[in-house]
Amino acid sequence: MVASFRAAPTDFDLAGRLARTWAYDGVVPGKVLRVSVGDLIEVTVANDLSEATSIHWHGLSIVNGMDGVPALTQGDIDPGAEFTYRFVVPDGGTYWFHPHHGLQLDRGLLAPLVIEDPDDGVDADVDYVVMLDDWLDGIESTPDDELRALQNMDMDDMGSMVMATSPLLGGDAGDVAYPYHLINGRPLEDPLTFSPEPRGGDRIRLRIINGGGDTAYRFAVGGHSMTVTHADGFAVEPVEVDALLVGMGERYDVTLTVQTGAWSVVALAEGKDQRAAAVLRTRDGTATSTPDLTAPLTELNGTWLRYADLRAIEAVTLDLPDNGDIRRIPVQLTGGMMRYDWGINGVPYGSHEPIEIRADEWVNLVIENVSDMWHPIHLHGHTAQLGAARSGVRKDTVNVLPAQTVELIFQANNPGDWMIHCHNAYHLEAGMATVLSYTS
């Protein structure tokens with residue numbers, strides 16, 4: 001499969017308000033890239049931006065040189081240059097791609113990646129990608145402006161910073177007050193209607209991706225429960241819920257049988273008192289029916305998915321060693337809002353000592369959050385098991401709440417230098433990252 005993308009400045013229409021931003025081929029989010037398991041793909045990225053860029057294939061365990069982290073796995077794609085990514089697609093599921101340069105992710109440089117697998121066990125009449133995003137670029141400021149404000153914060157003048165709190169996230173919910181929240185690039189004032197419209201009784205598959213920079217979303221569909229089938233691309237034993245909490249970088253696949261009519265699809269910006277919304281309408285319903293997308297949605301406060309509810313199906317469970325020979329490596333998430341000094345093990349990226357691992361050994365990253373804020377932690381190059389239970393869900397991105405410890409277990413079977421970091425774009429840029437480095 002051969003494809004190409006051009007990263008370039010563009011005007012982005014937000015319900016009649018134009019934002020000057022950066023995007024792939026002028027579309028926010030970028031067009032869905034659909035491939036199949038086992039495909040050899042060649043994707044050429046041309047850079048028409050004013051600064052270097054790259055692409056990270058979020059969630060894919062591919063060869064190290066294609067992972068897209070500057071100065072670690074590849075050189076910059078400089079302005080006016082291009083680079084071709086070549087790799088074999090290893091696993092089916094819902095993924096996405098974005099740069100790993102500064103705060104480019106919090107502009108419009110992001111796009112879904114769907115890897116089709118005929119054996120994924122999901123039988124659906126209609127398949128939708130649902131990309132969630134928070135937006136501020138070109139609306140009176142840029143992501144770089146926001147980072148400077150956070151790093152030079154005057155507690156007596158909070159400016160555009162947000163005091164967001166959520167019990168589900170253990171306290172502080174985010175740092176940035178975004179003027180817009182989006183579903184597939186559309187704000188609440190100009191909502192998307194999913195197309196093609198299904199018929200009542202059809203089985204719907206939603207591939208939900210949080211591409212935001214600083215916002216977790218509580219996601220629900222009015223009048224319906226959802227059956228979770230996949231987490232971060234890997235199949236789970238089906239579990240029925242009313243709502244999902246989706247951290248930045250996380251993905252969930254869900255199915256539902258749609259009832260005749262028109263229904264709200266809502267992504268509540270957790271702790272920020274804002275929302276994105278879209279319409280799921282059946283073509284055999286009343287043509288003029290439109291739900292109130294601003295109304296309270298009972299499902300948002302219903303049964304919500306917890307990690308403890310998720311069990312990997314047998315086909316994707318890891319074959320842990322019977323002798324328990326798994327090396328525990330402690331990792332601390334550190335820093336705080338006052339000095340905006342986010343780091344791992346007390347130091348920022350660039351001053352870090354790599355975490356050395358050996359090829360083929362089993363590793364348990366014991367990640368302890370000693371900060372006062374939640375962090376969605378993303379592991380490159382591997383899809384780990386969450387926790388020590390043999391049916392532990394496979395994930396590459398996991399929310400770690402304050403005073404919480406999580407364990408990510410995997411076999412070191414993909415040599416190279418791999419980043420592990422917070423997927424809050426502002427925490428990452430401030431330094432919350434380190435490197436897992438294979439040694440001989």
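The lining of the largest cavity in this predicted model is made up of 5 nonpolar and 6 polar residues, with no charged residue among them. This cavity has a volume of about 80 Å³, and the residues that line it are His98, Pro99, His100, Gly102, Leu105, His421, Cys422, His423, Asn424, Ala425 and Leu428. Two elements of secondary structure, the strand β32 (417-422) and the helix α2 (425-430), each contribute at least two residues to this lining.

A search of the whole structure yields 2 cavities of 30 Å³ or more, and the second largest holds about 30 Å³ of space. The second largest cavity is lined by Val28, Pro29, Leu110, Met131, Asp133, Leu182, Asn184 and Gly185. In terms of residue class, the lining of this second largest cavity comprises 5 nonpolar residues, 2 polar residues and 1 charged residue.

With regard to the packing of nonpolar side chains, the largest nonpolar core contains 90 residues, and those with the most contacts inside this core are Leu206, Phe219, Val228, Leu244, Leu365, Ile367 and Tyr426. Strand β9 (residues 126-135) provides the largest share of this core, namely 6 residues. A second core, separate from the largest and consisting of 29 residues, includes Leu33, Ile55, Leu60 and Leu113. The surroundings of isoleucine 367 can be described in further detail: when residues up to four places away in sequence are not counted, isoleucine 367 touches Val331, Leu333, Ile377, Val400, Gln404, Thr405, Val406, Leu408 and Ile420.

Aromatic side chains were examined as well, and the structure holds 10 aromatic pairs. One of these is formed by tryptophan 57 and tyrosine 85, whose rings are arranged edge-to-face, with 5.7 Å from centre to centre and 75° between the planes. This pair links distant parts of the chain, since tryptophan 57 lies in strand β5 (residues 56-58) and tyrosine 85 lies in strand β6 (residues 82-88), 28 residues apart. Both partners, tryptophan 57 and tyrosine 85, are buried. The two residues also belong to a cluster in which ring pairs link Phe5, Tyr24, Trp57, Phe83, Tyr85, Phe87 and Phe97.

Notes: Residues are numbered from 1 along each chain as its sequence is written. This is a predicted model: local features need pLDDT of at least 70, side-chain atom pairs count only at pLDDT 80 or more; totals for chains, interfaces and linings use all residues. Side-chain values use heavy atoms; hydrogens and water are left out. On a 1 Å grid over the protein atoms alone, a cavity is a set of points where a 1.4 Å probe fits but cannot get out, and a pocket is an open set with protein on both sides within 12 Å along at least five of seven lines; lining residues have an atom within 4 Å of a point. Grid points are joined across faces, edges and corners, and a volume is the space filled by probe spheres set on the points. Helices (H or I, at least four residues) and strands (E, at least two) are DSSP runs, numbered from the N terminus. Ala, Val, Leu, Ile, Met, Phe, Trp, Tyr, Cys and Pro count as nonpolar, Asp, Glu, Lys and Arg as charged, and the others, Gly among them, as polar. A nonpolar core is a set of buried Ala, Val, Leu, Ile, Met, Phe, Trp, Tyr and Cys residues joined through side-chain atoms within 4.5 Å. Buried means under 20% relative accessible area, exposed over 50%, partly exposed in between (1.4 Å probe, protein chains only). Contact means heavy atoms within 4.5 Å. Rings of Phe, Tyr and Trp (its six-membered ring) pair if their centres lie within 6.5 Å; planes under 30 degrees apart count as stacked, over 60 as edge-to-face and the rest as tilted.
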